[in-house]
Amino acid sequence: TILAVAAPVVIAEDRLSLSGSMRVRGFSFQEYDFDDSDDVSSGWFDQRLRIGGKLSIAEGVSITFRTDITETKWGDGGSVYGAGRGGSTQQWDRAHIDITKGMVSVRAGQQLGLLGQGIAFDHQNTGIKVGLATGAPVTLYYFRSDTFGSTTSDDADLYGAQISHKTD
């Protein structure tokens with residue numbers, strides 16, 4: 001029984017790669033009242049645990065995910081258990097499937113879309129990216145974006161296209 005249980009874990013481990021980071025930062029600044037009243041000082045800490053992974057399903061098929069957990073300022077959170085232990089302190093910023101067959105690749109789901117090294121287009125949302133690996137690679141994007149909480153306007157459709165050419 002032990003060998004039967006151990007074998008699937010070894011197989012799954014080869015197909016799953018995980019990465020992550022933990023960040024704790026401290027900030028401090030001082031504001032001055034120029035009308036000779038009290039000086040105002042401020043300081044705080046924040047943290048973020050980021051975990052990402054890639055699951056290889058089959059040849060040319062993978063699922064990628066990345067989440068930020070307890071991304072919060074210390075002391076915030078509105079939870080009786082303390083900051084980062086309740087409410088919506090987990091954010092998913094990657095959750096997509098990649099399929100590559102020959103020269104064509106398709107990515108569907110929540111992803112980062114960059115055009116022009118992120119200067120022309122830098123968008124993270126749900127959508128589809130299609131890539132053609134030719135002499136000058138072509139990338140086409142479609143994103144469906146919400147209206148950032150607006151109740152008076154419809155969702156936005158965002159389109160992008162990029163042709164790349166590498167030179168020395």
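1. Contacts along the chain. In this predicted model, 35% of the contacts between residues at least 6 apart in sequence join residues that are at least 24 apart. A single example of distance in sequence set beside distance in space is given by Phe27 and Asp46, which are 19 residues apart in sequence, while their C-alpha atoms are 8.3 Å apart. Phe27 belongs to strand 1, which covers residues 16-31, and with a relative accessibility of 32% Phe27 counts as partly exposed.

2. Overall make-up. The protein chain contains one helix and eight strands, and when these elements are read along the sequence they follow the pattern α-β-β-β-β-β-β-β-β. Of the 168 residues in the chain, 20% are buried. The chain exposes about 12,000 Å², and carbon and sulfur atoms supply 57% of that area.

3. Salt bridges around Asp93. The count of salt bridges comes to six, and one of them is formed by the side chains of Asp93 and Arg50, with an N to O distance of 3.8 Å. Asp93 lies in strand 4 (residues 90-101) and Arg50 in strand 2 (residues 40-58), so this pair ties together parts of the chain that are 43 residues apart in sequence. Are these two partners buried or exposed? Asp93 is buried because its relative accessible area of 8% is under 20%, and Arg50, at 18%, is buried by the same cut-off.

4. A second partner for Asp93, and a network. The side chain of Asp93 also meets that of Arg66 in a salt bridge, here with an N to O distance of 2.8 Å. This pair again links distant parts of the chain, since Arg66 is in strand 3 (residues 61-73) and Asp93 in strand 4, 27 residues apart. Arg66 has a relative accessibility of 21% and therefore counts as partly exposed. Through salt bridges that share partners, Arg50, Arg66, Asp68 and Asp93 are joined into one network.

5. Another salt bridge. Asp98 forms a salt bridge with Arg107, and the closest N and O atoms of this pair are 2.6 Å apart. Asp98 is buried, as its relative accessible area is 12%.

6. A buried charge without a salt bridge. Arg48 lies in strand 2, and although Arg48 is buried, it has no salt bridge. Why does Arg48 have no salt bridge with Asp68, the nearest side chain of opposite charge? Asp68 is 4.2 Å away, and a salt bridge needs the nitrogen and oxygen to be within 4 Å, so the pair is not counted. Leaving aside residues up to four places away in sequence, Arg48 touches Ser21, Met22, Arg23, Asp68, Ile69, Thr70 and Glu71.

7. Aromatic pairs. A search of the whole structure finds three aromatic pairs. In one of them, the ring centres of Tyr141 and Phe143 are 5.9 Å apart and the ring planes stand at 15 degrees, so this pair is stacked. Both residues are buried, Tyr141 at 8% relative accessibility and Phe143 at 0%. Tyr142 and Tyr159 form a tilted pair, with 5.3 Å from centre to centre and 45 degrees between the planes. That pair links distant parts of the chain, as Tyr142 is in strand 7 (residues 138-145) and Tyr159 in strand 8 (residues 156-163), 17 residues apart. Tyr142 is partly exposed, with a relative accessible area of 27%, whereas Tyr159, at 62%, counts as exposed.

Definitions and conventions
Residues numbered from 1 in each chain as written. Predicted model: local features only at pLDDT ≥ 70, side-chain atom pairs only at ≥ 80, totals over all residues. Heavy atoms only, no water. Helix = DSSP H or I, 4+ residues; strand = E, 2+ residues; numbered from the N terminus. Buried < 20%, exposed > 50% of the residue type's maximum accessible area, 1.4 Å probe, protein only. Contact = heavy atoms within 4.5 Å. Areas by Shrake-Rupley, 256 points an atom, 1.4 Å probe, with all protein chains shown as cover. Lys, Arg positive; Asp, Glu negative; His and termini not counted. Phe/Tyr/Trp six-rings, centres within 6.5 Å; stacked < 30°, edge-to-face > 60°.
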